[in-house]
Structures are given as structure tokens and as C-alpha cells.
Amino acid sequence: MKKISRRNLSVMRLGRCVAFLAAAAFLLPFTILLMVADQQYNLSYNYKRVFYQESDFYKMNGSYFSPTYLRTQYVFDNGSHDEGLLTRDKFLEVGSRMDARREYLRNECSRLGLDSSSHKAYAWEYLINRQYHVIWCNIFKAASTSWMYNFNLMANYTAAFLNRTKEVPLELARKKYARPTVEMIRKAQGDSITFLIVRHPLERLASAYNDKIVHAWPKSFHDQMGKRIIKKYRKTNQKSAPTERYPVFEEFVTYVLDETKMKRTRDMHWTPYTDFCTPCKFNFDIILKFETLDEDQKFLIQMARLQEIIKPEWRNSGKGTNTLHNINHLYSRLNKSQLDGLYNLYKYDFLLFNYTMDSYYEIIQKDNDSNHG
């Protein structure tokens, strides 16, 4: 009996050993997979959990914290602060500003009904970078030159190449970033930061006029456009007729308003950006404003952990100046009817991003129908 018991004991031990090895062989791949997944989760930190949720506050260890607090903990506890970027306190301040802008946009979208199913989402101008989990809607004349350069860097073009190439930055970018569909954007938003940069609509229009019309390259598309505007709108039989070789601002504005009235496709440099990005149809995590761009883009760079790839800098390819004095001078040439027309054109740009027309009505000429044309 003792021999049989020992034999049974040996068989039992051998069976346990075989069972352990079999279980290990079965579970090991899943264990490795879980470890890799956990590491990837820690690296990306599941941006959406930290950055944007429906609720305004999150409960942690019995206390409530705002989204900005959690973002700050993430960024600075993970050692992302470099010289030249935002300090913890400034990051917290800018983050609160982002929370307010996001909430304002959400409320206005709902108030205006622009988030309803009757409005179509538009994805054409978005760029999705899956390597760095960043999505951008490109608005022309709102720091687009700087951020097209940044997205080309994130697409693994070298700075040396980008600084010497004669290729158009947008065309370079589209070689790496396909035009996305709405479904592609919404899928990518699950683990990405989505942002756009906005600017006062009338400042943007003045910048586009100065860059694309006043300083148009000879024989370019916009140079030909300028000649057509002069031919149609310049009254050469008047003593005070302009003598500039390019359309003066009131001629340009009349052209833009007439094109809108005729429902013709507008140039991308002055198309309302709510038409470009349909911001009520996507969740935007960061809304940068041209007026606070220095701090805002540092916040974005830190939040997306891009400081090793790009630096917060301005790259403006525009020609001439767009000082406040210059902008005021341009709009002083208009009358009230023209300014009303511009407000109607950019109405949603104004309302969704909290811009006003007040100061512009103070500088325009009094409405004079004889001058309107």
C-alpha cells in the first residue's frame, strides 16, 4: 500500500507540474499583453478621462476636483515642465480659461440649435495625428502658418527640410494627413486632444485682405481676383476714385458681400470658420484664441506633451502689417450697411466664440447710401 501511495503521490506531483506549465503557457501571452496595454495607457494617460467629460467636477478620495486640477496633476506630476512653458499656477489659470470657453461654446451651440441633427458636420479641413493623439481644424488666417508647420514636424518632416523647401506647407501636410471623414474624427477623438484656433472675425478678414489682395503675387489667383474686383466695383468717373492697383478695402468688402448674397463659394481665407469646422458637431478640448495665443499654445503643447517636438513660436507668412491702427483705418472706410453685412456673414463666428462688433461701429463712417455700392 505504501508503494502504491508513493506512486500516486508522484503521479499527483507530476500532474500538478504539468497543469502549472500548461496554465503558464496559456496565460503568459495574455499577461504580457496586459502589461503592454497598461504601459501604453500610462503613456497616453487616456486623455479623455483627464481632459474632457460631461461632468464639471470629478470625485477623488472623497473630494471634488475640477478638470483643470486633474490636468495640472497629470502634466506636472509627469515632469513635463520645461523652461519657457507655463508654470503650474499659470497652467491652472489658462486651464480654467479653457474650461470656460468650452462651456460657453457648448451652451451657445445648444441655444442656437447648431448641435441638432439638422446641421451637417464638416470634416474637410481637419488634420488627425495618430502618433501624438492631436486633432486640429485648420482655420486660415488664425495662426494657420505656425500650426501647419507644427503638424508637418509631427508628420516627421525635419525642420531643415521645412525651412528650405519651396513646397506649399498645406500640400506637404496633405501628403501625410488624408482628408478625414466625420466618422474618422469621432473615432480618433476617443484618445486625442481636439483643438482649433479662432480670431476676431473682422481682424481675420482684414488680415486676409492685406495678405491675399493688397500683397498678392503678380499673376496669381488672388491677383487675378483683385483685377476682377476693380473692373466690377471701381467707379473711375468719380474725382475721388481710388488709384491703387489693388482693390481698396470697401471694394473688397462689397465683393465679399455680393458673393455671399449670390451664394457663391467663398475663398477659404475669409470663409466663416464655423462653416469650416462646424464646432457644434464635434467636442473641442482646447479653444485657443488669437488674442491670448502665446499662453494658449503653450498650454496645448504641455497638455499634449509635444514640447520635445515643437516649440511655441509664430510663423507668419503674411506680408505687411496688421496693427490695430491699420485695421481701424481699413474699417473707417466702410459704412454701416457694409458693417451690418459683415456681421450677418460672420454671425456664428461672433456668437459661438464670444466676440463683439461694438468697437467697429464706433469707427465706421455714418451710413450713406450714395457711398454704398
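The following conversation goes through some salt bridges, a helix packing and the disulfides of a predicted model.

Trainee: What makes Arg101 and Asp296 a salt bridge?

Mentor: The closest N and O atoms of Arg101 and Asp296 are 2.8 Å apart, and since the rule asks for a side-chain nitrogen of Lys or Arg within 4 Å of a carboxyl oxygen of Asp or Glu, the pair is called a salt bridge. By this rule the count comes to 20 salt bridges.

Trainee: Why is this pair said to tie together parts that are apart in sequence?

Mentor: Arg101 belongs to helix α4, residues 88-112, whereas Asp296 belongs to helix α13, residues 293-303, so the bridge ties together parts that are 195 residues apart in sequence. Both Arg101 and Asp296 are buried. The two residues also belong to a network of salt bridges, in which they are linked with Lys90, Glu93, Arg97 and Glu295.

Trainee: How do you know that Asp223 and Lys227 form a salt bridge, and what separates them along the helix?

Mentor: Their closest N and O atoms are 3.7 Å apart, which is set against a cut-off of 4 Å, and therefore the pair counts as a salt bridge. Asp223 and Lys227 are four residues apart in helix α10, residues 221-233, so about one helical turn separates them.

Trainee: Why is Asp223 called buried, and why is Lys227 called partly exposed?

Mentor: Asp223 has a relative accessible area of 13%, and because buried means under 20%, that name applies. Lys227 has a relative accessible area of 47%, and because exposed means over 50%, with partly exposed in between, the middle name is the one that fits.

Trainee: What are the corresponding values for Asp340 and Lys336, and how far apart are their closest N and O atoms?

Mentor: Asp340 has a relative accessible area of 25% and is partly exposed, and Lys336, with 39%, is partly exposed too. The closest N and O atoms of their salt bridge are 3.0 Å apart, and both residues lie in helix α15, residues 336-345, four residues and about one turn of the helix apart.

Trainee: Why is α10 called roughly perpendicular to α11?

Mentor: The two helices pack at an angle of about 95°, with their axes 10 Å apart, and because angles of 65 to 115 degrees count as roughly perpendicular, that description follows. In this packing Met225, Ile229, Ile230 and Tyr233 of α10 meet Glu251, Phe252, Thr254, Tyr255 and Asp258 of α11. By class, the contact has six nonpolar, one polar and two charged residues.

Trainee: How do you know that Cys109 and Cys280 form a disulfide?

Mentor: Their sulfur atoms are 2.0 Å apart, and because a disulfide is a pair of cysteine sulfur atoms within 2.5 Å, the pair qualifies. Cys109 lies in helix α4 and Cys280 in the loop between α12 and β6, so the link ties together parts that are 171 residues apart in sequence. Both cysteines, Cys109 and Cys280, are buried, and with -80° about the S-S bond their link is left-handed.

Trainee: What joins Cys137 to Cys277, and where do these residues lie?

Mentor: A disulfide joins Cys137 to Cys277, with an S to S distance of 2.0 Å. Cys137 lies in strand β4, residues 134-137, and Cys277 in helix α12, so this pair ties together parts that are 140 residues apart in sequence. Both Cys137 and Cys277 are buried, and the link is left-handed, with -90° about the S-S bond.

Trainee: Which pattern do the disulfides follow?

Mentor: The count comes to two disulfides, and with bonded cysteines counted along the chain the pattern is 1-4, 2-3.

Technical notes: Residues numbered from 1 in each chain as written. Predicted model: local features only at pLDDT ≥ 70, side-chain atom pairs only at ≥ 80, totals over all residues. Heavy atoms only, no water. Buried < 20%, exposed > 50% of the residue type's maximum accessible area, 1.4 Å probe, protein only. Axes fitted to C-alpha atoms, helices over the stretch in contact; angles between N-to-C directions. Contact = heavy atoms within 4.5 Å. Nonpolar A, V, L, I, M, F, W, Y, C, P; charged D, E, K, R; others polar.
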